[in-house]
Amino acid sequence: MGLHRLDGNWLADDDGISPIAVAAQPSERPAFIPYTNRPIKWHTDGYYHPQTRQILAMVLHCVRRAQTGGESAVMDHEMAYIALREANPDWVRALMQPDAMTIPERTDEDGVARAEQTGPVFSVDAASGALHMRYTARTRSIVWKDDAPTRAAVAFLEQMLASDDSPVFRLTLQPGMGLVCNNVLHDRAGFVDDPLQPRLLYRARYLDRIAGNSYKELASSPREICVEAIKTIAIAL
Ligand SMILES: [Fe+2]
């Protein structure tokens, strides 16, 4: 699928793949919601990364599901972009500002563990023409640009993601199932584990997009390749 450059998360194992499960010890991976059974709000992965290390694709693989809950919701970020642009083009411009969104630095006992990161919500990759989105619905540890269009755009996105009318796919991954996507918007519901068989997902993040479905590739491809690429997009969504 063209995914070659794995991004090693600092909590990932040595192979760069992150096992996502409730941390066994309170001291292990303590403060991070992915390693609890709590819900995770809408976001794209790596929204706190610099422009030079954008997460363009993501794979989730389910080994064991939770006893109850743990549903994922996904929405293509291009749909969010289109809805925002149709509602008000100024809102899209606001979220493409290079200082639209700032994630404050993260500190630990050794000092600054991750530097402050400022960047746009929406950006376009010059090489592929693909749209990238950095987003988190969290309200703490995030600073939005303090101007009226940015505030309105963020409110619109929040409302859209909460609406029952939005193009959201919901699924609960079953053992053996996976999700491959171009780092679309996603969230996770809270869950309850069976203590003997706790939920376990593997996550891999890539600095590559899934091959064959950028606009430029589609535009220059013969029909058969386009059909394949459309199938890939369907899988990706
Ligand atoms: Fe995520």
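The exercises below work through one predicted protein model, each with a solution in steps.

Residues are numbered from 1 along each chain as its sequence is written. Since the model is predicted, local features are given only at pLDDT of at least 70 and side-chain atom pairs count only at pLDDT 80 or more, whereas totals for chains, interfaces and linings use all residues.

**Exercise 1. Describe the make-up of the chain.**

Solution. Begin with the secondary structure: the chain holds 5 helices and 17 strands, where helices (H or I, at least four residues) and strands (E, at least two) are DSSP runs numbered from the N terminus. Next, turn to burial, for which a residue is called buried if 20 or more other C-beta atoms lie within 10 Å of its own, exposed if 12 or fewer, and partly exposed in between, with C-beta atoms placed from the backbone. Of the 237 residues in the chain, 26% are buried. Finally, consider contacts, meaning pairs of residues whose C-beta atoms, placed from the backbone, lie within 7 Å. Among contacts between residues at least 6 apart in sequence, 76% join residues at least 24 apart.

**Exercise 2. Find which residues of helix α1 are buried, and state what covers them.**

Solution. Helix α1 spans residues 77-87, and its buried residues are His77, Ala80 and Leu84. Seen down the axis of α1, these buried residues fall within an arc of 50°, so they line one face of the helix; the arc is that of the directions from the helix axis to the C-beta atoms. The elements that cover them include β5 (72-75), α2 (89-95), β11 (131-133), α3 (148-162) and β15 (185-188).

**Exercise 3. Compare the span of helix α3 with the expected value, then sort its residues into buried and exposed.**

Solution. The expected span of a helix is 1.5 Å times one less than its number of residues. For the 15 residues of α3 this gives 21 Å, and the end C-alpha atoms are 21 Å apart, which agrees. The buried residues of α3 are Thr150, Ala153, Val154, Leu157 and Met160, and they line one face of the helix because, seen down its axis, they fall within an arc of 125°. On the other side of α3, the exposed residues are Ala148, Ala155, Gln159 and Ala162. As for packing, the buried residues of α3 lie against α1, α2 and β12.

**Exercise 4. Identify the residues of the largest nonpolar core that touch the most other members.**

Solution. A nonpolar core is a set of buried Ala, Val, Leu, Ile, Met, Phe, Trp, Tyr and Cys residues joined through C-beta atoms within 7 Å. The largest such core has 36 residues, of which Leu95, Val121, Ala153 and Leu185 touch the most other members. Among the elements that each supply at least two residues of this core are β5, α1, α2 and α3. Take Val121 for a closer look: leaving aside residues up to four places away in sequence, Val121 touches Leu95, Ala100, Met101, Met133, Arg134 and Tyr135.

**Exercise 5. Work out the order of the 4-stranded sheet and locate its edges.**

Solution. Two strands pair if DSSP finds at least two bridges between them. The open sheet of 4 strands has the order β1-β17-β3-β14, with antiparallel pairing. Strands β1 (18-20) and β14 stand at the edges with a single partner strand each, so one side of each is left without a neighbour in the sheet. Now follow the pairings inward: β1 and β17 are joined over 3 bridges, with Tyr202 of β17 as the bridge partner of Pro19. Strands β3 and β17 pair over 7 bridges, and here Cys62 has Leu201 of β17 as its bridge partner.

**Exercise 6. Locate Pro175, decide whether it is buried or exposed, and list what it touches.**

Solution. Pro175 lies in the loop between β13 and β14. With 11 other C-beta atoms within 10 Å, Pro175 is exposed. Not counting residues up to four places away in sequence, Pro175 nevertheless touches Cys62, Val63, Arg64 and Arg65. The C-alpha atoms of Pro175 and Leu201, which are 26 residues apart along the chain, are separated by 8.9 Å.

Terms used. Contact = placed C-beta atoms within 7 Å.
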